[in-house]
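Biologist: Could you walk me through the salt bridges in this one? I'd like to start with a single residue and work outwards.

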Amino acid sequence: MSGFEPLNDSSRKTNILNVFDMPDFDEHEAVHVFHDRATGLDMIVAVHNTARGSAVGGCRMWPYATGRAALADALRLAKGMSYKAALAQLPCGGGKSVVLGDARTVKTHTLLASIGRAVESLGGRYTIADDVGISAADVAIIAEHTRFACAPLMLDGTASPATAFGTYQGILATAAHVFGSEHLGGRTIAVQGLGAVGAKLCEYLAEAGADLWVSDLDDARTDEIERRWSATTVPVDEILYSAVDIMAPCAMGGIFDSESIKRLRCRAIAGAANNQLANAEAGLALAARGIAYAPDYAINVGGLIDLVHALTGNYQVAAVLEDCRRIHATTLDILERAAKTGLATSEVADQLAGQRLRGPASLGVAPLTGFA
Ligand code: NAD
């Protein structure tokens, strides 16, 4: 790995051997630390599990305060990708990379090239994609320096349309389980966050006849959805506690904790936001309150499905949508198992994903074809 050395800036330094003692370490297969003196790149690649195939996961560029914070994030996110891929039975493993730095000021063409060289040096163990701070356009530059880079291909070159479609499938399954019918006509559904995913999800829900309650920090977004779908705008600090049939969080994570769960008035939760549960206890608390929770990583996997299809080199929108439809069966399965066993849906999803992680033999590093 010529050109790369361990992190050497004392303000960012962390003892990489401490990784084994970190709470976020979960038998990760590999953690790679890169430093490129020429470009100033500081990057960590965490590969959690490759039993189902080479690790795929986004690259997050963020001004982490310490190397330890960056490492913890990489470990946590890589594990999340493994679980997401395994639950959806995708032929890939889970990994994630983090780049230390402010994408708005220090992200240059040469830095992206350096990221590409770092990924290439891993020989296909990890395939890089976009995430916070690294756009699909950045991935295209990275891909000039590695065969192991991939950007989503659907429609506008983002994963959000596939994510929204998959989330919609999860909502249909949740409705079928909770209300005995997936017919959404007249059902009240609250959508928190009207960004790339939330706005597209509103389209599916409105066309299915749902009565939309929506919220966003940006008034222009609520105005647009109100106008297009006759939605009702709810203040940002009230949307979570709306008395609706289904709550669809599509903004930030960590929103369900012991306090917020006490105040919920919805019958079910099914949305795209990542890491909605603030902690494991939150999943149990939702179950105790009889609120059906469709685990976030079960129903927001559409974007990853899109990426995996892009990696095959034979990308077809219809095939992506067909695979996203499988989210319906997975969600129903989780909800039914939880009802039968008395476990929380979050526990069921984690158990299923854990079993599937140890599933079929490795597909090796070969199948990933790189950026098409
Ligand atoms: P986005 O940035 O396009 O949209 C997020 C929207 O949420 C913005 O409009 C923002 O103003 C709004 N928002 C932020 N805080 C809010 C609050 N407190 N109340 C109401 N609105 C608020 O993001 P996105 O791509 O639509 O992703 C939405 C969520 O789904 C994120 O949690 C993301 O991690 C998750 N997710 C996205 C994808 C994808 O393909 N984009 C895939 C999997 C998971």
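Modeller: Let's start with D245, which is buried at a relative accessible area of 15%; buried means under 20%, exposed over 50%, and partly exposed in between, with a 1.4 Å probe and protein chains only. Keep in mind that this is a predicted model, where local features need pLDDT of at least 70, side-chain atom pairs count only at pLDDT 80 or more, and totals for chains, interfaces and linings use all residues. Residues are numbered from 1 along each chain as its sequence is written, and side-chain values use heavy atoms, leaving out hydrogens and water.

Biologist: Which side chain meets D245 in a salt bridge?

Modeller: A salt bridge here is a side-chain nitrogen of Lys or Arg within 4 Å of a carboxyl oxygen of Asp or Glu. For D245, the N to O distance is 3.5 Å, and the partner is R187.

Biologist: How many residues apart in sequence are the parts that R187 and D245 tie together?

Modeller: R187 sits in the loop between α5 and β6 (188-192), while D245 is in the loop between β8 (232-233) and β9 (246-249). Helices (H or I, at least four residues) and strands (E, at least two) are DSSP runs, numbered from the N terminus. So the pair links parts whose separation in sequence is 58 residues.

Biologist: And is R117's partner D36 buried or exposed?

Modeller: R117 and D36 form a salt bridge at 3.3 Å, N to O. R117 itself is partly exposed at 38%. D36 has a relative accessible area of 6%, so call it buried.
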